[in-house]
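Hi everyone, thanks for making time this morning. Let me put the structure up on the screen, and then we can walk through it together.

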Amino acid sequence: MQGWKSVWGSIFLFSVSWTSAVDPGIVPEGARDNHIRVMLGSCNKADREPRFWDLVLHRRPSAWVWMGDNVYADKKRSKLNFPSGLFNALKSPYGMESAFFEPANMSEMQKMYESVKAHPTYKLLSQSTQIFGTWDDHDYGLNDGDRRFVDKHTSQRLLLDFLDEPADSPQRKQEGVYWSHLVCAGGRSVRVVLLDVRSGKTPYPSWPFRFQSWEAGAEFLSEEQWGWLERTLRESEADAHLVVSGLQILPEFRWQGENW
């Protein structure tokens with residue numbers, strides 16, 4: 001696995017490769033007949049000039065995976081008047097999650113997705129590569145957002161439109177954007193398992209501070225999604241599995257951040 005920090009200031013890139021048991025000298029760099037290369041990216045600032053698509057296209061990935069924060073559609077509040085602004089946030093449907101960020105405007109979110117898809121090199125990538133994706137909070141529609149977000153169904157539709165998911169896709173009929181995809185080459189397969197850590201997430205306590213929830217039953221995934229994840233991994237016959245979460249998994253605790 002290779003990772004590139006965002007030297008362009010607009011996206012984080014990762015690459016995971018799987019090569020079949022053949023002489024590597026026989027397989028040209030980037031060839032995909034015996035080589036599975038999955039590239040992943042997150043934290044994409046759609047308002048900045050994207051200088052990374054040429055690199056991604058040059059690597060000739062078997063699949064490109066959006067890991068979340070594919071666009072930043074919510075907005076950090078420029079000014080918060082204390083104490084009135086704080087109390088107004090606590091009275092909102094989202095509690096402290098709306099104290100410093102305004103929920104996304106769905107029309108503006110759609111325009112951001114359209115601007116990403118309009119990039120010439122991304123168009124070339126989409127014509128030659130499988131593209132999958134899930135969301136995190138800023139493309140879900142609210143910083144640290146959870147199951148209370150009232151526009152989550154519209155946000156889900158916009159994400160699936162962005163990913164060119166067919167109108168009759170089963171993904172459009174479920175609650176949330178979790179799904180799995182199989183990437184195959186050279187008799188090998190990798191199953192990409194995309195988690196949705198937003199639409200079923202338990203809200204945090206909102207007072208006095210936004211601490212994480214330690215009480216019994218607090219979850220990032222809905223009960224339905226946990227069942228789906230167990231079935232997917234149990235029944236899968238893939239050679240390798242790549243589980244994608246929009247949240248960090250390894251840190252034990254991030255102050256005023258989020259992690260499993």
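Let's begin at Arg191, whose bridge partner in strand 10 is His241. Please keep in mind that this is a predicted model. How many bridges join strand 9 to strand 10? There are five, and strand 9, residues 188-194, runs parallel to strand 10. As a reminder, strands of a sheet pair through backbone hydrogen bonds, either parallel or antiparallel.

Now let's step back to the sheet around that pair. Three strands make up an open sheet, in the order 8-9-10, and the pairing is mixed. Its edge strands are strand 8, at 179-185, and strand 10, at 240-244, and each of these pairs on one side only. From one strand to the next, the twist averages 20°. Lying across strand 8, strand 9 and strand 10 is helix 7, residues 223-235, and this helix runs at about 175° to strand 9.

Stay with strand 10 for a moment and look at its side chains. In a regular strand the side chains alternate between the two faces of the sheet. Strand 10 shows this alternation: Ala240, Leu242 and Val244 point to one face and are buried. His241 and Val243 point to the other face and are not buried. So that you can place him in the picture, His241 is the bridge partner of Arg191 that we started from.Next, the loop between strand 9 and helix 7, where we find Lys201. Is Lys201 buried or exposed? Lys201 counts as buried because its relative accessibility is 1%, and the cut-off for buried is under 20%. Leaving aside residues up to four places away in sequence, Lys201 touches Asp144, Gly145, Asp146, Arg147, Glu219, Phe220 and Glu258. Lys201 and Ala218 are 17 residues apart in sequence, and their C-alpha atoms are 7.8 Å apart in space.

Let's turn to the empty space inside the model. A search of the whole structure turns up one cavity of 30 Å³ or more. The largest cavity holds about 40 Å³ of space. Which residues line the largest cavity? They are Ile131, Phe132, Gly133, Leu163, Glu165, Gln171, His181 and Leu194. Strand 7, residues 130-133, gives the most to this lining, with three residues.

Two backbone details deserve a look as well. Most residues other than glycine have a negative phi, and most peptide bonds are trans. Cys43, however, has a positive phi, near 60°. Cys43 sits in the loop between strand 3, at 35-42, and helix 1, at 53-59, and is partly exposed, with a relative accessible area of 21%. The other one is Arg60, which is not a glycine either and has a positive phi of about 50°. You can find Arg60 in the loop between helix 1 and strand 4, at 63-66, and at 40% relative accessibility Arg60 counts as partly exposed.

Finally, the whole chain. It has seven helices and ten strands, and of its 260 residues, 50% count as buried. Among contacts with a separation of 6 or more, 70% come from residues 24 or more positions apart. The chain exposes about 13,500 Å², with carbon and sulfur atoms supplying 53% of that area.

That's my tour, and I'm happy to go back to any part of it on the screen.

Definitions and conventions: Residues numbered from 1 in each chain as written. Predicted model: local features only at pLDDT ≥ 70, side-chain atom pairs only at ≥ 80, totals over all residues. Heavy atoms only, no water. Pairing = 2+ DSSP bridges. Helix = DSSP H or I, 4+ residues; strand = E, 2+ residues; numbered from the N terminus. Axes fitted to C-alpha atoms, helices over the stretch in contact; angles between N-to-C directions. Contact = heavy atoms within 4.5 Å. Buried < 20%, exposed > 50% of the residue type's maximum accessible area, 1.4 Å probe, protein only. Areas by Shrake-Rupley, 256 points an atom, 1.4 Å probe, with all protein chains shown as cover. 1 Å grid on protein atoms, 1.4 Å probe; cavity = no way out; pocket = protein on both sides within 12 Å on 5 of 7 lines; lining within 4 Å. Points joined across faces, edges and corners; volume = space filled by probe spheres on them.
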